[in-house]
Amino acid sequence: MRCPLANATTGLKAMLLSGCALWALAAHATVTQVRDVETLARDSDAVVRGTVQSVESSWVGQGTQKSIITRVKIQVSEKLKGDPGSVAEVVQPGGIIPESDIGQIVHGMPEFQRGEEVVVFLKRHAPSVATFRVSGMAQGKYTVERTSDGKNSFAVPSAIDAALVGADGLPTTNRAKPLELTELRKRIQAAVTK
Amino acid sequence: MIATSPILVAIAAITSGVGSAPYVRSHVSATDPNSSCLWWAAGSVVYNQSDAGNPVNGGTEFTAVTRSWQSWQTIQNGCGNLTLSEGPHLSAPAGRTVGYTQGSSDNHNVVMFRRRLCRNVAPAGDPCFSNFTCNNVYDCWGNPDTTIGLTTTTYRVSNGEILDADIEFNAALFHFTTADSPTCSGTNYSNCVATDVQNTATHEFGHSLGLDHTMYCGSVDGGTMCSVMRDSSPNGEISKRTIDPWSASFICDVYPRGLPSQDCAQVATKSGCAAVPGSMAWPLAVLCIFLLRRQTVRRRS
């Protein structure tokens, strides 16, 4: 769901952003540990801002029993950590195969839309593998939203279809909030240069 | 008098009430609230446990998982159109495989404990890492370390009908237990509760039936009870072994006895504002109240 920022007044923008973020947090399923921006940045192999070029789902697996995976190609416009190349490829479980009329949901994974501008925290599937998953599941994806005059950019946390627990295993309400893009960039850069 | 605009009322409702509806349904697309909700067609749903179980529990894990789906079936017995049951324990490969076979009537809704980490058993550079197939190929946990359990649900995109639901537990990194008390401390996990199997499985079966999380807690018999789909599961918790009245009402609303199972639009239109399910319920309810009050004021004036 995109946040309706286009015609919002400045005062309303922050409220809408908060509202959208919390709306996006409506659905949770998996239980996973909470990760702040700094932890995500440190734990990731790469952090980039870019535009989603393609989202393609396909069946994988041996034998007749198959799973759906989704490959997301992101045209990188800014490298905040690491070098995933000019196009970063994210591969994650779940997706929709329209011609089969079949979808598969693995709760906790972020959803991507073609043309969407994002900031993503990426972790290689394995050291020698070129593809990535999103760090911290959906916590590692922010959507960049711009005001209609283009003067302000906000990074809106992704819908997280997961419950968050702290390092102690206890539930936490310490969920990510929308940030100005410049603020997010600053925090990532501070974390990776420490 | 303080004037309040509809949009501010809606935002206030969103910021305070999201995820706090008595029950929240899963959608075909998490980012599209207008997409269909997930539901099983009326009839029979059979779960199969992997015969591998979780050996550290000495077989008690099978009983705990059985009790979990049975607690949902008890509600179905009262008002539902589904019959949940358990088939034979399955050995590999069927009992260790998550996924779906198209066009086959031989799909199993498998429940299994993964006891090894994929990064420890699959060779580095194995294509299974980038294809996300290591879990099935090497019988291992390939999801994030911090995730306790996952339900993979396969559904028909056009209408949300669930076709298959497989549940994996992360027994590679979490200590699953079946005792009733006390909460485990330190590194001792015998005769105490760490990550309770029945607590976790009852919650996951809720997902397999089309429920998503909610933060909702309410008053029951003079005390406070929280939803079995509440998004928290601290060590030692066993309260989710008991299904709350709101998750039970999901069963009655979505799987009404003698009727077809209901997509979200069908449930939402049954009684107007009051029955809007899912995450939009509270914002829309507040908007409904606002509009009704405004109508009343206009009539009076």
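## A mixed sheet across two chains

In this predicted model, Ile75(B), Gln76(B) and Cys79(B) of helix H2(B) meet Ala248(B), Ile251(B) and Cys252(B) of helix H7(B); a contact here means that the C-beta atoms of two residues, placed from the backbone, lie within 7 Å. By class, that meeting of H2(B) with H7(B) involves five nonpolar residues, one polar and no charged, where Ala, Val, Leu, Ile, Met, Phe, Trp, Tyr, Cys and Pro count as nonpolar, Asp, Glu, Lys and Arg as charged, and the others, Gly among them, as polar.

A word on conventions: residues are numbered from 1 along each chain as its sequence is written, and chains are lettered from A and ligands numbered from 1 in the order in which they are written. Since the model is predicted, local features need pLDDT of at least 70 and side-chain atom pairs count only at pLDDT 80 or more, while totals for chains, interfaces and linings use all residues. Helices (H or I, at least four residues) and strands (E, at least two) are DSSP runs, numbered from the N terminus.

Back to the helix pair. H2(B) spans residues 60-79 and H7(B) residues 245-254; they pack at an angle of about 50 degrees with their axes 9 Å apart. Axes are lines fitted to C-alpha atoms, for helices over the stretch in contact, and angles run from 0 to 180 degrees between N-to-C directions. The two helices are therefore oblique to each other (under 35 degrees is roughly parallel, over 145 roughly antiparallel, 65 to 115 roughly perpendicular, and the rest oblique).

Now for the sheet. Seven strands form an open sheet with mixed pairing, in the order S5(A)-S6(A)-S5(B)-S6(B)-S4(B)-S2(B)-S3(B); two strands pair if DSSP finds at least two bridges between them. At the edges are S5(A) (95-97) and S3(B) (82-86), each pairing on one side only. From one strand to the next, the twist averages 15 degrees.

Three of the pairings can be set side by side:

| Strands | Sense | Bridges |
|---|---|---|
| S6(A) (102-106) and S5(B) | antiparallel | five |
| S5(B) and S6(B) (162-170) | antiparallel | seven |
| S4(B) (109-114) and S6(B) | parallel | four |

Some individual partners are worth finding in the view. Gln104(A) has Thr154(B) as its bridge partner in S5(B). Thr151(B) stands opposite Ile167(B) in S6(B), and Met112(B) stands opposite Glu168(B) in that strand. In the hairpin of S5(B) and S6(B), with five residues between the strands, Gly160(B) takes a positive phi near 85 degrees.

How covered is S5(B)? Seven of the eight residues in this strand (149-156) are buried, that is, they have 20 or more other C-beta atoms within 10 Å of their own (12 or fewer means exposed, and in between partly exposed; C-beta atoms are placed from the backbone). Helix H6(B) (197-208) lies across S4, S5 and S6 of chain B, at about 15 degrees to S5(B). H2(B), in turn, lies across S2, S3 and S4 of chain B and runs at about 165 degrees to S3(B).

On the chain A side, Met109(A) sits in the loop between S6 and S7 (117-124). Met109(A) counts as buried because it has 27 C-beta neighbours inside 10 Å. Not counting residues up to four places away in sequence, Met109(A) touches Gln92(A), Pro93(A), Gly94(A), Met137(A) and Ala138(A).

Finally, chain B as a whole: this chain has nine helices and eleven strands, and buried residues make up 50% of its 301 residues.
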